[in-house]
Amino acid sequence: MKYLFLSLLSSLVISISVAQTATAPDANAVEERTATISKTLRCVVCQNQSIHDSNAPLASDMRTLVEKRVIAGDSDDEVRAYLRERYGDFVLMSPPFQINTLLLWLGPALFVAAFAIWFARRVRTNHKIAAENEASRGLSEDERSRLTAALADLTDINKGNDT
Amino acid sequence: MATPEKKRDWSALAPIMAFAGLAFLLAVGLTRDPRLLPSEMIDREMPSFDLPALRAGDARVSNADLEGQISLVNVFGSWCAACIVEHSKLVELSFRNDIQMVGLNWRDNNSAALRWLAQYGDPYDLIAIDTNSDLAIELGVTGAPETFLIGPNGQIRYKQIGPLTDQAWSENIEPIVNAIKAEAN
């Protein structure tokens with residue numbers, strides 16, 4: 001009898017704790033996900049704040065809506081899509097990658113590529129000019145023979161002076 | 001005396017050209033008002049709604065009330081200063097019997113809204129209250145006033161952001177009203 005009572009009591013305790021762990025983190029998870037999603041959605045009244053940061057009444061209603069969708073089991077993307085369908089791309093804090101935002105996303109890369117091409121060409125022409133300079137720095141065959149002759153004359157003259 | 005053909009080097013102009021291009025793009029960007037959000041809702045179905053009425057004794061307002069009529073759904077609030085600007089136009093339109101005037105009292109206090117309507121006149125055939133932005137968010141409303149033109153089949157035909165001025169009415173909305181009537185015939 002005592003054992004029965006104890007086992008009943010323990011099962012009661014376990015079921016209560018299970019019930020608590022089943023609901024408590026769930027509410028936290030909803031709150032956390034609501035906050036995460038809200039941070040990626042623009043407050044359409046204040047424009048440069050997310051609905052998470054904004055105190056505007058509409059932003060607060062939108063947060064409530066996000067929470068409702070999360071509880072209803074929508075994925076983060078589904079919640080965003082829901083509001084995007086009604087407010088357009090503008091409601092997303094981070095612009096989506098699509099035709100009219102191509103330049104926005106690829107612009108910086110284009111700049112870097114253009115600079116790299118310009119730089120590579122510049123380096124190549126510089127090399128070419130340097131090579132040409134190098135080539136022109138030496139003496140031609142004709143100049144070389146004249147120089148040897150002149151030097152030979154000079155030594156002859158010097159010898160003559162000695163004697 | 002023929003001067004030797006000299007190849008012109010335009011590369012020195014590149015930075016100036018780049019600057020001019022950028023300046024042009026930025027100038028175009030400045031002329032666009034980011035507050036005028038694109039209306040995603042045009043030509044879509046009116047979202048389904050079923051909201052309590054503002055006036056005591058009125059029945060709830062829902063999609064069924066819009067069926068078979070051309071309706072102007074006007075989002076307003078007693079807190080909304082710009083709503084006063086368009087109010088006389090709404091009162092004027094309320095005398096037409098081919099358009100049903102539907103008010104969506106948004107995020108307001110009932111008694112304040114009723115007092116406001118008593119003061120400025122009540123142009124609405126039906127008034128629904130949307131305390132928690134349920135329908136407002138479904139409609140992609142960003143601020144009051146906003147006015148939606150709904151066709152008899154429940155399709156959203158036009159969205160006016162900001163006050164419904166004489167000009168907005170005659171240039172943008174009235175032609176659509178006439179087009180809807182022409183479609184019906």
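Helices here are DSSP runs of at least four residues and strands are runs of at least two, both numbered from the N terminus. With that in hand, welcome to the tour; please keep in mind that this is a predicted model.

**Stop 1: chain B as a whole**

Select chain B and switch to a cartoon view. Chain B holds five helices and seven strands. Following the chain from its N terminus, you meet these elements in the order α-β-β-β-α-β-α-β-α-β-β-α. Chain B has 185 residues, and 41% of them count as buried. Now show the surface: chain B has about 10400 Å² of accessible surface, with 56% of that belonging to carbon and sulfur atoms. How much of the contact in chain B, at a separation of 6 or more, is between residues 24 or more positions apart? The share is 72%.

**Stop 2: a pocket between two chains**

Next, select A:Phe111, A:Ala114, B:Ala14, B:Pro15 and B:Ala18. Of the 17 residues lining the second largest pocket, these are the closest to its centre. The volume of this pocket is about 730 Å³. Rolling a probe the size of a water molecule over the atoms is what shows where empty space is left.

Add two helices to the selection: H4 of chain A, residues 102–137, and H1 of chain B, residues 14–30. Each of them gives at least two residues to the lining of the second largest pocket. Which element supplies the largest share of that lining? H4(A) does, with eight residues. If you colour the lining by residue type, you will find eleven nonpolar, three polar and three charged residues.

**Stop 3: salt bridges**

Over all chains, the structure holds 18 salt bridges. Here are some to visit.

- Select A:Arg69 and A:Asp74, which form a salt bridge with their closest N and O atoms 3.0 Å apart. A:Arg69 is partly exposed, at a relative accessible area of 24%, whereas A:Asp74 counts as buried, at 13%. The two labels part here because buried means under 20% relative accessible area.
- Select A:Asp89 and A:Arg84, where the closest N and O atoms of the salt bridge are 2.8 Å apart. A:Asp89 is partly exposed at 29% relative accessible area, and A:Arg84 is partly exposed at 29% too.
- Move to chain B and select B:Asp58 with B:Arg55; in this salt bridge the closest N and O atoms are 3.1 Å apart. B:Asp58 counts as partly exposed, with 37% relative accessibility.
- Finally, select B:Arg96, B:Asp98, B:Glu174 and B:Lys181 together, a group linked in a network of salt bridges.

**Stop 4: backbone details in chain B**

Most residues other than glycine have a negative phi, and most peptide bonds are trans. The next selections depart from that pattern.

Zoom in on the peptide bond from B:Ala144 to B:Pro145: this bond is cis, with omega near -5 degrees. B:Pro145 sits in the loop between helix H4 (134–138) and strand S6 (146–150) of chain B.

Now go to B:Asp43, in the loop between H1 and strand S1 (50–51) of chain B. The phi of B:Asp43 is positive, near 70 degrees, in a residue other than glycine. B:Asp43 is partly exposed, with a relative accessible area of 49%.

Then pick B:Ser133, in the loop between strand S5 (126–130) and H4 of chain B. B:Ser133 is not a glycine, yet has a positive phi of about 60 degrees. Is B:Ser133 buried or exposed? B:Ser133 is buried, with a relative accessible area of 0%.

**Stop 5: two residues in chain A**

Return to chain A and select A:Ser50, in the loop between helix H1 (2–38) and helix H2 (57–71). A:Ser50 counts as buried, at 3% relative accessibility. Which residues surround A:Ser50, leaving aside its neighbours within four places in sequence? A:Ser50 is in contact with A:Ser38, A:Lys39, A:Leu41, A:Arg42, A:Cys43 and A:Met93.

For the last selection, choose A:Arg80 in helix H3 of chain A, residues 76–87. Not counting residues up to four places away in sequence, A:Arg80 touches A:Ile37, A:Thr40, A:Leu41 and A:Leu92. Try drawing a distance between the C-alpha atoms of A:Arg80 and A:Thr40: they are separated by 8.2 Å, with the two residues 40 apart along the chain.

Notes: Residues numbered from 1 in each chain as written. Chains lettered and ligands numbered in written order. Predicted model: local features only at pLDDT ≥ 70, side-chain atom pairs only at ≥ 80, totals over all residues. Heavy atoms only, no water. Buried < 20%, exposed > 50% of the residue type's maximum accessible area, 1.4 Å probe, protein only. Contact = heavy atoms within 4.5 Å. Areas by Shrake-Rupley, 256 points an atom, 1.4 Å probe, with all protein chains shown as cover. 1 Å grid on protein atoms, 1.4 Å probe; cavity = no way out; pocket = protein on both sides within 12 Å on 5 of 7 lines; lining within 4 Å. Points joined across faces, edges and corners; volume = space filled by probe spheres on them. Nonpolar A, V, L, I, M, F, W, Y, C, P; charged D, E, K, R; others polar. Salt bridge = Lys/Arg side-chain N within 4 Å of Asp/Glu carboxyl O.
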